[in-house]
Amino acid sequence: METNETCDTSESKGINEFNSVEPTSTPPKSRTSHDNATKVQIPPTSDTPDARPSADPSEVDAKPIVWPSGSSPSDPISVPTGKDNKCYALEGTKKVVIFNQKVFAPRLKLNPRKGTEIDVKSIQNTFKSLDWDIDLYNDCTVAQIREVILKQIQLSEENFAALAIFILSHGEDNGTIFASDYPFRVDHDILFQLAADKSPNLAGKPKLVFVQACQGQETDAGSNVTERDRRRRHTSQDSTSTYKIPNYADFLIFQASFWDHYSFR
């Protein structure tokens, strides 16, 4: 099942200006299109700097964010997969959430992300073939992204088996990603909110987060390589194919602990 959610309030009938509409607590109304996909209008929010960078000149790019201490529940959280199991027990709904950011507020001076629809279609086709439910949100503000995480995931009564979140946008270093109105942090606004103490319904269940965005302004120049033919010995007359690969190719990066946390052996 695919669900298309639009956060672009400028496309909604009856709304003339983004800032002229006050937020409402009324749940969004759903309507079904001809392709049987549900399209939900998320209520617009006031244009406030939810993630405006600090004006403190002493602040560095990678200033740690304090993880709020969660309360210890009296009863343990029930999880479907045992600690000695070799694979996850995927009982329930496998959910994909796509935040697709194509256009941005003029003050951000960011170019539209042309071709992002191709990435969205590839994600949809891949996970649809694996029987995952897919929710697509286009051009959300920071407040709307936080609302989706809160209402559609953290407070959801749906029995999730697994969750995959795709964020397609512009980005900068230190984990900063741009919504349509302001930047936000993947760790603070996404990862922290999916932790077991804040999302007990996801405890012990796989959570996949994919970010398609820049992390700086450097360009990988790459290196020229040639394929070695192991079937026969090379001579000076052999013609070989030379091509270029990125310098930072073939990496699988795994860390023993989450950012800013101890590692235990």
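From the N terminus on, the elements of the protein follow the order β-β-β-β-α-β-α-β-β-β-α-β-β-β. In this predicted model, that order comprises three helices and eleven strands. The protein has 265 residues, of which 34% count as buried.

Strand β6 makes a good starting point for a tour of the fold. This strand spans residues 160–168, and nine of its nine residues are buried. Strand β4 (residues 93–100) runs parallel to β6 and is joined to it by eight bridges. Within this pairing, Thr-93 has Phe-160 of β6 as its bridge partner. Strand β6 is also joined to β9 (residues 207–212), again in parallel, through six bridges. Here Leu-163 finds its bridge partner in Lys-207 of β9. Strand β6 thus pairs with β4 and with β9. As a general point for reading such strands, side chains in a regular strand alternate between the two faces of the sheet.

Aromatic contacts come next. Across the whole structure, a search finds four aromatic pairs. One of them is formed by Phe-127 and Trp-132, whose rings meet edge-to-face, with 5.2 Å from centre to centre and 80° between the planes. The angle of 80° earns the edge-to-face label because planes over 60 degrees apart are classed that way. Both partners are covered: Phe-127 has a relative accessibility of 11% and counts as buried, while Trp-132, with a relative accessible area of 10%, is buried too. Each is assigned to this class because its value falls under the 20% limit for buried residues. Ring pairs extend the picture, linking Phe-127 and Trp-132 with Phe-166 and Phe-210 into a cluster. Two members of the cluster can be placed on the strands described above: Phe-166 falls within the residue range of β6, and Phe-210 within that of β9.

An aromatic ring also takes part in a contact with a charge. The charged end of Arg-107 sits over the ring of Tyr-182, at 4.4 Å from the ring centre.

The surface offers a contrasting setting for aromatic side chains. Tyr-248, Phe-251 and Ile-253 form a nonpolar patch there, and together these residues have about 450 Å² of accessible area. Phe-251 lies in the segment after β11, a strand that covers residues 242–245. With a relative accessible area of 54%, Phe-251 is classed as exposed because this value is over the 50% cut-off. Phe-127, by comparison, counts as buried at 11%.

Note on methods:
Residues are numbered from 1 along each chain as its sequence is written. This is a predicted model: local features need pLDDT of at least 70, side-chain atom pairs count only at pLDDT 80 or more; totals for chains, interfaces and linings use all residues. Side-chain values use heavy atoms; hydrogens and water are left out. Patches are made of residues with over 30% relative accessible area and no salt bridge: like charges are joined within 9 Å, nonpolar side chains (Val, Leu, Ile, Met, Phe, Trp, Tyr) within 5 Å. Accessible areas come from the Shrake-Rupley method with a 1.4 Å probe; for residues, only the protein chains shown count as cover. A salt bridge is a side-chain nitrogen of Lys or Arg within 4 Å of a carboxyl oxygen of Asp or Glu. Helices (H or I, at least four residues) and strands (E, at least two) are DSSP runs, numbered from the N terminus. Buried means under 20% relative accessible area, exposed over 50%, partly exposed in between (1.4 Å probe, protein chains only). Rings of Phe, Tyr and Trp (its six-membered ring) pair if their centres lie within 6.5 Å; planes under 30 degrees apart count as stacked, over 60 as edge-to-face and the rest as tilted. A charge sits over a ring if NZ of Lys or CZ of Arg is within 6 Å of the ring centre and within 35 degrees of the ring normal. Two strands pair if DSSP finds at least two bridges between them.
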